[in-house]
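Colleague: Thanks for making time for this. Could we go through the fold together, one question at a time?

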Amino acid sequence: MKTTTKVESRMVVNGRGVGMLVIVIISLVNAVNASNSASAFVQNLINSQTIVIFSKSYCPYCLRAKRIFNELHEQPYVVELDLRDDGAQIQYVLLDLFGRRTVPQISKLLSKVGNCRNFWL
């Protein structure tokens, strides 16, 4: 049976620590890249579409907002967050941009209309 000295133990622990540190760093880089791509996606939409609705397909307030735009013969670009893999990241981008992550979030070209309450009042 081989005995391990304290120095060897530290090397094994440090070796694992370095491996775990690399995994953590890679995970953080991936999270930042995903966040950046979600942020870029939101910014591109807001800057290129006349009206954008960030919605969830099952939300009654979102359905109401989409119905009102339909009645006004407007065709907003609708992002259904619950149907996208990056929906949660997009909601955090909305929190950074508008101070809320609730839906619907409605954006008119270069200005924010607001959420459901602001829209109908």
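Colleague: Which residue in E3 does Val52 stand opposite?

Modeller: A word on the source: this is a predicted model, where local features need pLDDT of at least 70, side-chain atom pairs count only at pLDDT 80 or more, and totals for chains, interfaces and linings use all residues. Residues are numbered from 1 along each chain as its sequence is written, and side-chain values use heavy atoms, with hydrogens and water left out. E1 and E3 pair in the antiparallel sense over 4 bridges, where pairing requires that DSSP finds at least two bridges between two strands. In that pairing, the residue of E3 opposite Val52 is Ser107.

Colleague: Is Ser107 buried or exposed?

Modeller: Ser107 is found in strand E3, residues 105–108; helices (H or I, at least four residues) and strands (E, at least two) are DSSP runs numbered from the N terminus. Buried means under 20% relative accessible area, exposed over 50%, and partly exposed in between, with a 1.4 Å probe and protein chains only. Ser107 has a relative accessible area of 2%, so the answer is buried.

Colleague: How far apart in space are Ser107 and Gln49?

Modeller: Along the sequence, 58 residues separate Ser107 from Gln49. From C-alpha to C-alpha, their separation in space is 9.0 Å.

Colleague: How many of the residues of E1 are buried?

Modeller: Ile51, Ile53 and Ser55 point one way from E1, and Val52 and Phe54 point the other way. In a regular strand the side chains alternate between the two faces of the sheet. Residues on both sides of E1 are buried, so the strand is largely enclosed by the rest of the structure, and the count is 5 of the 5.

Colleague: And in which sense do E1 and E2 run, parallel or antiparallel?

Modeller: E2 covers residues 77–80, and 4 bridges join it to E1. Ser55 stands opposite Glu80 in E2. The two strands run parallel.

Colleague: What is the handedness of the β-α-β unit that E1, H2 and E2 make?

Modeller: Helix H2 spans residues 60–71 and sits in this unit with the two strands. A crossover is right-handed if, with the strands pointing away from the viewer, the path from the first strand over the helix to the second runs clockwise. The unit of E1, H2 and E2 is right-handed.

Colleague: Which residue forms a salt bridge with Glu80?

Modeller: A salt bridge is a side-chain nitrogen of Lys or Arg within 4 Å of a carboxyl oxygen of Asp or Glu, and by this rule the count comes to 2. For Glu80 the closest N and O atoms are 2.6 Å apart, and the partner is in helix H2, so the pair ties together parts that are 14 residues apart in sequence. Both residues of the pair are buried. The partner of Glu80 is Lys66.

Colleague: What about Asp86: which residue does it form a salt bridge with?

Modeller: At 18% relative accessibility, Asp86 counts as buried. Its partner is partly exposed, with a relative accessible area of 30%, and the closest N and O atoms are 2.8 Å apart. That partner is Arg84.

Colleague: How many residues does the largest nonpolar core have?

Modeller: Such a core is a set of buried Ala, Val, Leu, Ile, Met, Phe, Trp, Tyr and Cys residues joined through side-chain atoms within 4.5 Å. Those with the most contacts inside the largest one are Val42, Phe54, Val79, Leu81, Ile90 and Leu94. Helix H1 (6–48), strand E1 (51–55) and helix H3 (87–98) each give two or more residues to this core. The number of residues in it is 15.

Colleague: Lastly, which residues is Glu74 in contact with, leaving aside its neighbours within four places in sequence?

Modeller: Glu74 lies in the loop between H2 and E2, and at 37% relative accessibility it counts as partly exposed. Contact means heavy atoms within 4.5 Å. With those neighbours left aside, the residues are Ile51 and Phe69.
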